[in-house]
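Visitor: I'm new to this one and would like some help reading it. Could you walk me through a few features?

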Amino acid sequence: MGSFDKFKIWVLFICLISELGHGFYLPGSYPHKYGVGDFLNVKVNSLTSIDTELPYSYYSLPFCKPDEGVKDSAENLGELLMGDRIENSPYRFKMYTNETEVFLCQTKPLSGEEFKLLKERIDEMYQVNLILDNLPAIRYTKKENYFLRWTGYPVGIKVQDAYYVFNHLKFTVLVHKFEETNVARVMGTGDGSEVISTVGNSGSDTPGYMVVGFEVIPCSFQHTPDSLKNLKMYNKLPSPIKCDPTTVSMAIKENEPVAFSYEVNFVESDIKWPSRWDAYLKMEGAKVHWFSILNSLMVITFLAGIVLVIFLRTVRRDLARYDELDKEAQAQMNEELSGWKLVVGDVFRAPSNPGLLCAMVGDGVQILGMGVVTIMFAALGFMSPASRGTLITGMLFFYMILGVAAGYVSVRLWRTIFCGDHKGWVSVAWKAACFFPGIAFTILTILNFLLWGSHSTGAIPFSLFVVLILLWFCISAPLTLIGGYLGAKAPHIEYPVRTNQIPREIPPQKYPSWLLVLGAGTLPFGTLFIELFFIMSSLWMGRVYYVFGFLLIVMILLVVVCAEVSLVLTYMHLCVEDWKWWWKSFFASGSVAIYIFMYSINYLIFDLKSLSGPVSATLYLGYSLFMVLAIMFATGTVGFLSSFWFVHYLFSSVKLD
């Protein structure tokens with residue numbers, strides 16, 4: 001039995017134990033049984049727009065409020081960081097009870113400020129996001145004989161010079177009979193779900209239903225003032241409402257109120273509970289993903305061929321010649337050496353800014369480990385979009401735990417560079433604990449001031465800032481210091497050759513070596529640029545990204561390409577007697593971040609054409625910079641470690657006195 005099979009068995013065992021104790025359901029909540037007539041409460045999330053990327057609270061606009069007052073739903077760390085603000089709403093249904101012409105409320109006459117704000121939100125294409133039983137409201141539009149899926153519905157629409165608001169909502173709730181004897185607990189969503197059956201029926205015989213779909217059709221309907229007299233919330237309107245999404249009639253005007261209403265229709269569906277997220281997570285463009293992987297494999301094969309040539313034809317041949325010669329012949333041959341053999345006394349000379357290099361490599365190990373573990377868990381279905389915020393929360397958790405690895409790698413590398421000297425390891429561990437988090441914290445703080453100034457729900461509350469700082473200095477930093485202590489106790493890696501006291505002069509090069517280093521990033525970028533488009537679309541176009549299996553494959557291929565590129569480039573530098581390979585090996589693969597940032601700018605100009613305002617563009621570029629810095633640390637670390645192994649292997653096999 002393979003280790004992966006054992007891992008899956010342990011995961012299933014843990015989940016079974018937790019379910020026996022009425023534990024949690026992965027990835028969302030376990031099926032909820034509603035009896036006929038039970039209340040279903042709709043929740044609202046932040047208003048979002050691909051035009052500005054600034055989320056706002058639902059109640060920042062003059063919408064109806066529930067009688068019991070506005071209350072925040074339970075939020076996790078990931079939801080707060082993503083700008084989600086889930087609150088209760090006045091929309092409520094009774095299970096399997098169709099209702100029409102339900103009056104919700106009539107607002108006060110719109111003030112000049114409210115009227116202006118509504119027009120701005122309509123111009124900026126803001127969407128209202130509703131949630132029922134953890135399912136976002138989905139809207140279908142027909143275009144050229146095929147249907148488009150959207151989550152949420154627009155606040156309103158502008159026709160010529162008039163602004164119309166969608167004040168009547170037609171809901172369709174898809175329900176499925178509760179099958180307690182057949183489905184007790186469900187893990188995963190869609191095709192990857194696993195069903196664990198129970199023995200016997202512990203529930204009652206009362207028929208119940210599960211919510212498996214939530215659809216909405218927005219309409220703009222002009223209510224007559226006479227029909228609204230003496231009506232209270234949830235009363236039935238006296239006149240019928242014809243909901244036609246192709247026509248609009250409720251124009252907003254200053255100093256005039258807006259009336260809101262809704263209708264709901266329950267439809268029994270064949271959709272099973274595990275498949276209820278399929279409408280949101282339907283994988284499109286699978287062939288494009290496979291093309292991306294095939295493209296990456298071609299790049300890997302090409303680079304692997306070069307690496308094979310280096311090892312078999314060049315390195316092996318030279319080493320074999322050394323083994324066949326006696327000492328006298330070797331001494332004579334050493335006088336005629338050329339290429340990488342000439343730098344044997346300098347190749348392990350300490351690089352410039354060794355402390356910074358150690359900290360960056362340690363942080364790169366931490367980021368790479370966080371990415372791999374998070375994507376693995378997401379691919380297994382543990383971090384589904386059904387559980388909002390779990391992906392970000394999981395990334396933070398794994399990043400903090402892997403502080404041990406960052407401290408260990410950075411300090412052990414420090415001791416290796418200085419031949420086992422313990423001096424200064426605490427400083428190196430602190431650099432690893434603070435360098436990348438400090439950069440990230442600075443970027444996020446600057447962007448957060450912009451969000452605060454815009455009164456956006458995307459702004460991180462001050463209390464959350466305090467929580468993040470406490471997590472940093474009370475959990476992540478101490479774990480990094482513990483890892484540094486373990487690295488200080490571990491034996492350092494011994495160099496196979498001695499380093500000369502006087503550094504060898506590097507001969508003049510025909511071309512700048514850094515030019516080749518920067519150009520090397522094109523190959524890793526070629527392995528991921530197709531998948532990068534889907535990731536960018538999910539981040540900035542409001543789409544759901546759920547093909548973590550493809551992403552895991554692409555990430556593995558990226559690691560292989562980065563290792564190969566850096567290894568080849570390091571060998572090329574050694575061949576021209578350039579022994580300063582430490583930083584160049586890091587940036588050879590880390591330079592892929594430059595091309596990703598350039599791609600981000602291209603995406604902003606050509607794909608996010610409607611992104612309006614300097615604040616939105618600054619937020620986009622700020623978050624993109626944060627992302628590419630993390631990628632540079634991770635990919636650079638892969639390149640450096642592979643080059644270090646190659647150089648150590650190469651010179652440990654050479655018998656030179």
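Guide: Let's go from the whole chain to one helix, one sheet and one loop residue. This is a predicted model, where local features need pLDDT of at least 70, side-chain atom pairs count only at pLDDT 80 or more, and totals for chains, interfaces and linings use all residues. Residues are numbered from 1 along each chain as its sequence is written, and side-chain values use heavy atoms, with hydrogens and water left out.

Visitor: How many helices and strands are there in the chain?

Guide: The chain has 17 helices and 17 strands. Those are DSSP runs numbered from the N terminus: helices are H or I with at least four residues, strands are E with at least two.

Visitor: What share of the residues is buried?

Guide: Of the 657 residues in the chain, 49% are buried. Buried means under 20% relative accessible area, exposed means over 50%, and partly exposed lies in between (1.4 Å probe, protein chains only).

Visitor: How do I read a helix?

Guide: An α-helix has 3.6 residues a turn, so residues three or four places apart point the same way. Now try α3: F115, L118, R121 and I122 are buried there. They cover an arc of only 130° around the axis, so they sit on the same side of α3; the arc is that of the directions from the helix axis to the C-beta atoms. The face turned away from that buried side carries the exposed residues E113 and K116.

Visitor: What covers the buried residues of α3?

Guide: The cover includes β11 (156-159) and β12 (162-165). Just after α3, you'll find M125 with a positive phi of about 55°.

Visitor: And how do I read a sheet?

Guide: Strands of a sheet pair through backbone hydrogen bonds, either parallel or antiparallel. Here, four strands form an open sheet in the order β3-β2-β6-β7, with antiparallel pairing. β3 (87-94) and β7 (135-136) stand at the edges with a single partner strand each, so one side of each has no neighbour in the sheet. Two strands count as paired if DSSP finds at least two bridges between them.

Visitor: How many bridges join β2 to β6?

Guide: Three bridges join β2 (residues 39-44) to β6 (residues 130-132). Look for V42, which stands opposite L132 in β6.

Visitor: Last one: is E505 buried or exposed?

Guide: E505 counts as exposed, because its relative accessibility is 70%. You'll find E505 in the loop between α11 (462-489) and α12 (513-519). The C-alpha atoms of E505 and D346 are separated by 9.8 Å, though the two are 159 residues apart along the chain.

Key. Contact means heavy atoms within 4.5 Å.
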